[in-house]
Every structure is written in structure tokens, then in C-alpha cells.
Amino acid sequence: RWAEQGEFGGASGVVALGRAADQIRLGHAKCILLVAGDAFSSGDHEALLENFTPGIAEHLTPHGFGGANGVLAPMQTRHSALYGTRRDQLGRLCVTQRRHALLNPNALFKTPLTLEEYLEARPIAEPFHLYDCVMPCSGAEAVLLVADDLAPSIGRPGVRVRATREIHNAFPGEVSGLSAGWEILGEELW
């Protein structure tokens, strides 16, 4: 009774989750299956970078700039300058994420990451180095959302979605993009 296809880059999963939860709350569905997947080759990744945005492709790519890493790098530089974020702090996050990923036998990487390896990795788009970047890979995921009255019949532990909201281009005049709209939606969410 309800279907949607959405592409919101790295936010696609959480946007889909929020929209599906809203549809269940509104009574438009009792059960929604969220499915995502990518079959990604290195050639696909190169094509994505070449076609990321026409302005980037025309004006920046010829000078060695490409993809989301280059777009986000100046924002991370500004964030670090404003809030004092250090690479070793970000590294601890990456090391922890790798440790958790290794709990899955299908993990892309099969060995732990040390903080030293993180700090010594080659630069990609300063201040980002190799392990700060999303690695292109193939994979899939699925999440089943069900209405409260249906949840006990599933027979599996669940997580309640308490609130979600989305906002796009919250502050179009802001150059840095450090504010993403949570300032607008925070009170409503809590």
C-alpha cells in the first residue's frame, strides 16, 4: 500500500527509516520493509566521481579535486578550527568502528585498525586521510518496521523509533555547512 524510492546519498537509510515510521504512525501501513543495496566496482566509483556534480566536473576535477571528500574537507578544517577537533580523536572513532565491524564475518576489512595506522595513512583531501573516507564496496541491508500492535508477533527483539525529522538545505546562505538543521528541529524531536 506504500512504496517509495529515494536517493539521499549517505543519509538515505535514516531518511527512509523516518519516512517509513511516519507512514506507519499515520496508519498508511502496518509493516514496511526497507531495502538498500549497491553493486559497486572501481569503475563505477570513478564514473560517480566524474559525474558527481557538473560544476565540480568542469571546474575542479581537472585540478585534482573529486567527490565528496573534497567537498567535505574544508568543512572538517573549519570544524577543527572552531571546536578544536584533533585527528587522534577522529582516529579513535575509526578504530572503534573497525573493531565493531570485525564482529561481522562479512566485514570488508579483516584486521583491526590501530590508531598509529590511522594517523600514518596517506592523505586523500586534507585533512582527510585514507581511513576517514568511505570505501566503495558492494553490499545490501534490510530493516523491517512494524506497527506497535504487530511487533509482538514478529518474535524478535526490536528498537522503537521515537522520532525522526528531516530538513534539506536548512541554511542555504551558509558557506561552511556546519549547521545542518538540527538547531531548527531539536526541540520538536525531544
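In the predicted model, Leu144 is partly exposed, with a relative accessible area of 44%, a value that lies between the 20% limit for buried residues and the 50% limit for exposed ones. Leu144 is placed in strand S4, which covers residues 139–146, and together with Leu33, Val35 and Ile154 it makes a nonpolar surface patch of about 380 Å².

The largest nonpolar core consists of eight residues, namely Ala20, Ala21, Ile24, Ala29, Ile32, Leu34, Leu145 and Ala147. At least two residues of this core are supplied by each of helix H1 (12–25) and strand S1 (31–38), and H1 provides the largest share, three residues. In soluble globular proteins, nonpolar side chains tend to be buried together. One member of the core, Leu34, touches Ala16, Leu17 and Ala20 as well as Glu141, Ala142, Val143 and Leu145, when residues up to four places away in sequence are not counted.

For helix H1, a rise of 1.5 Å a residue gives an expected span of 20 Å for its 14 residues, and the C-alpha atoms at its ends are 20 Å apart, in agreement with that expectation. The buried residues of H1 are Val15, Gly18, Ala20, Ala21, Gln23 and Ile24, and these buried residues pack against S1 and S4. Just after H1, Gly27 adopts a positive phi of about 85°.

A second backbone feature concerns the peptide bond from Glu126 to Pro127, which is cis, with omega near 15°. Most residues other than glycine have a negative phi, and most peptide bonds are trans. Pro127 is found in the loop between strand S2 (123–125) and strand S3 (128–129), and Pro127 is also among the residues in contact with Gln76, the others being Thr85, Leu90 and Phe128, once the neighbours of Gln76 within four places in sequence are left aside. Gln76 belongs to helix H4, which comprises residues 67–83; because its relative accessible area is 15%, under the 20% limit, Gln76 counts as buried.

By contrast, Arg122, in the loop between helix H6 (115–120) and S2, has a relative accessible area of 54% and is therefore classed as exposed, the limit for that class being 50%. Leaving aside its neighbours within four places in sequence, Arg122 is nevertheless in contact with His129 and Leu130.

Taken as a whole, the secondary structure of the protein chain comprises eight helices and four strands, which follow one another along the sequence in the pattern α-β-α-α-α-α-α-β-β-β-α-α. The C-alpha trace spans about 55 × 45 × 35 Å along its principal axes. Of the 190 residues of the protein chain, 19% count as buried, and the chain exposes about 13,700 Å², of which carbon and sulfur atoms supply 57%. Among the contacts in the protein chain with a separation of 6 or more, 57% are accounted for by residues 24 or more positions apart.

Terms used
Residues numbered from 1 in each chain as written. Predicted model: local features only at pLDDT ≥ 70, side-chain atom pairs only at ≥ 80, totals over all residues. Heavy atoms only, no water. Buried < 20%, exposed > 50% of the residue type's maximum accessible area, 1.4 Å probe, protein only. Contact = heavy atoms within 4.5 Å. Patch = residues over 30% accessible without salt bridge, like charges linked within 9 Å, V, L, I, M, F, W, Y side chains within 5 Å. Areas by Shrake-Rupley, 256 points an atom, 1.4 Å probe, with all protein chains shown as cover. Salt bridge = Lys/Arg side-chain N within 4 Å of Asp/Glu carboxyl O. Core = buried A, V, L, I, M, F, W, Y, C linked by side-chain atoms within 4.5 Å. Expected span 1.5 Å × (residues − 1).
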